[in-house]
Amino acid sequence: MLFDEYATEHLADGAVVLRGAAEPVATDLLREISSIIDQSPLRTVMTPMGKPMSVEMTNCGAVGWVSDSRGYRYEHLDPITGLPWPPMPARFSSLAGSLAEDAGYRGFRPDTCLINRYSTGSKMGLHQDSDERDLTQPIVSISLGLPINFKFGGTKRTDPTISVKLRHGDVVVFGGAARLAFHGVGLLHRGTHPLTKEFRFNLTYRVT
Ligand code: SIN
Ligand code: FE2
């Protein structure tokens with residue numbers, strides 16, 4: 001284990017919450033995030049149906065997740081800058097690898113990290129993370145800043161969901177039987193966090 005002891009909560013077969021696991025490095029992560037945003041800015045992306053998403057996004061790593069009228073996919077170049085996405089900081093990848101290992105997944109080497117920024121009223125509907133070719137690898141998701149309700153269900157949209165509050169520093173790892181589980185987050189309520197002010201950041205590490 002990389003840091004101090006923390007509680008592991010079972011979410012579903014293959015999925016856990018590591019409570020506060022990223023809290024000790026939150027300041028470093030936020031500094032890296034701000035440098036990434038300087039190179040590849042946060043942007044509002046459109047769903048393939050032409051609706052703007054309420055969460056602003058950017059990426060780092062060899063590829064980045066994009067969405068527009070042509071669909072959801074990974075791209076090597078940032079469509080705004082025309083340049084490669086900022087490289088994934090070494091700290092990001094080693095952290096994600098050890099968090100995955102703590103959750104029971106060895107050898108996790110993400111090639112992309114999606115950075116989501118939620119502001120008051122942002123939310124994310126139930127969805128599967130299914131744009132990756134390699135579904136043998138888990139997903140590591142770090143929450144920073146304001147709390148939010150996270151919903152986690154089964155592999156069918158109609159499966160029942162459970163709801164857990166994710167707070168600053170909490171980490172969700174889902175893979176195996178839960179890799180294609182439907183998940184989403186409820187509305188971000190107005191608030192202020194000492195490190196992120198009125199925002200919540202989510203870092204989603206994936207192997208594409
Ligand atoms: C996502 O599933 O893409 C984001 C989850 C989160 O913000 O916690
Ligand atoms: Fe997701």
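User: Is C60 buried or exposed in this structure?
Analyst: This is a predicted model, and the answer rests on accessibility computed from it. C60 has a relative accessibility of 0%, and a residue counts as buried when the value is under 20%. C60 is therefore classed as buried.

User: How many disulfides does the structure hold?
Analyst: The closest cysteine sulfur to that of C60 belongs to C113 and lies 4.7 Å away, which is too far for a bond. A disulfide requires two cysteine sulfur atoms within 2.5 Å, so C113, whose nearest cysteine sulfur is that of C60 at 4.7 Å, is in no disulfide. C113 is itself buried, with a relative accessibility of 0%. The number of disulfides in the structure is zero.

User: Which residues coordinate the iron ion (ligand 2)?
Analyst: The coordinating atoms include NE2 of H127 and NE2 of H183, and the coordination distances are 2.1 to 2.3 Å. In sequence, the donor residues follow the spacing H-x1-D-x53-H. The residues that coordinate the iron ion (ligand 2) are H127, D129 and H183.

User: What is the arrangement of the four donor atoms around the iron ion (ligand 2)?
Analyst: The angles that the four donor atoms subtend run from 88 to 177°. A tetrahedral site needs all angles between 85 and 135 degrees, so the upper value of 177° does not fit that class. The arrangement is classed as irregular.

User: Which class of accessibility, buried or partly exposed, does the donor D129 have?
Analyst: For H127, another donor of the iron ion (ligand 2), the relative accessible area is 21%, and H127 is partly exposed. For D129 the relative accessible area is 5%, and the limit for the buried class is under 20%. D129 is therefore buried.

User: What is the volume of the largest pocket?
Analyst: The largest pocket is lined by 36 residues, and those nearest its centre are M53, Y72, M124, G125 and H127. Strands that give two or more residues to this lining include β4 (52–61), β8 (124–127) and β13 (183–185). By class, the lining of the largest pocket holds 16 nonpolar, 12 polar and eight charged residues. The volume of the largest pocket is about 780 Å³.

User: Which strand gives the most to the lining of the second largest pocket?
Analyst: The second largest pocket, with a volume of about 160 Å³, is lined by 14 residues, of which R43, V45, V66, S67 and P79 lie nearest its centre. Seven of the lining residues are nonpolar, two are polar and five are charged. At least two lining residues come from each of β3 (43–46), β4, β5 (64–68) and β6. With four residues, the strand that gives the most is β5.

User: How far apart in space are D68 and V17, C-alpha to C-alpha?
Analyst: D68 lies in strand β5 and is partly exposed, with a relative accessibility of 24%. Along the sequence, D68 and V17 are separated by 51 residues. From C-alpha to C-alpha, the distance between D68 and V17 is 31 Å.

User: What phi value does K197 have?
Analyst: Most residues other than glycine have a negative phi. K197 sits in the loop between β13 and β14, and at 48% relative accessibility K197 is partly exposed. Although K197 is not a glycine, its phi is positive, at about 55°.

Technical notes: Residues numbered from 1 in each chain as written. Chains lettered and ligands numbered in written order. Predicted model: local features only at pLDDT ≥ 70, side-chain atom pairs only at ≥ 80, totals over all residues. Heavy atoms only, no water. Donors = N, O, S within 2.8 Å, 3.2 Å for Na, K, Ca; no water. Tetrahedral: all angles 85-135°; square planar, octahedral: opposite > 155°, others 65-115°. Buried < 20%, exposed > 50% of the residue type's maximum accessible area, 1.4 Å probe, protein only. 1 Å grid on protein atoms, 1.4 Å probe; cavity = no way out; pocket = protein on both sides within 12 Å on 5 of 7 lines; lining within 4 Å. Points joined across faces, edges and corners; volume = space filled by probe spheres on them. Nonpolar A, V, L, I, M, F, W, Y, C, P; charged D, E, K, R; others polar.
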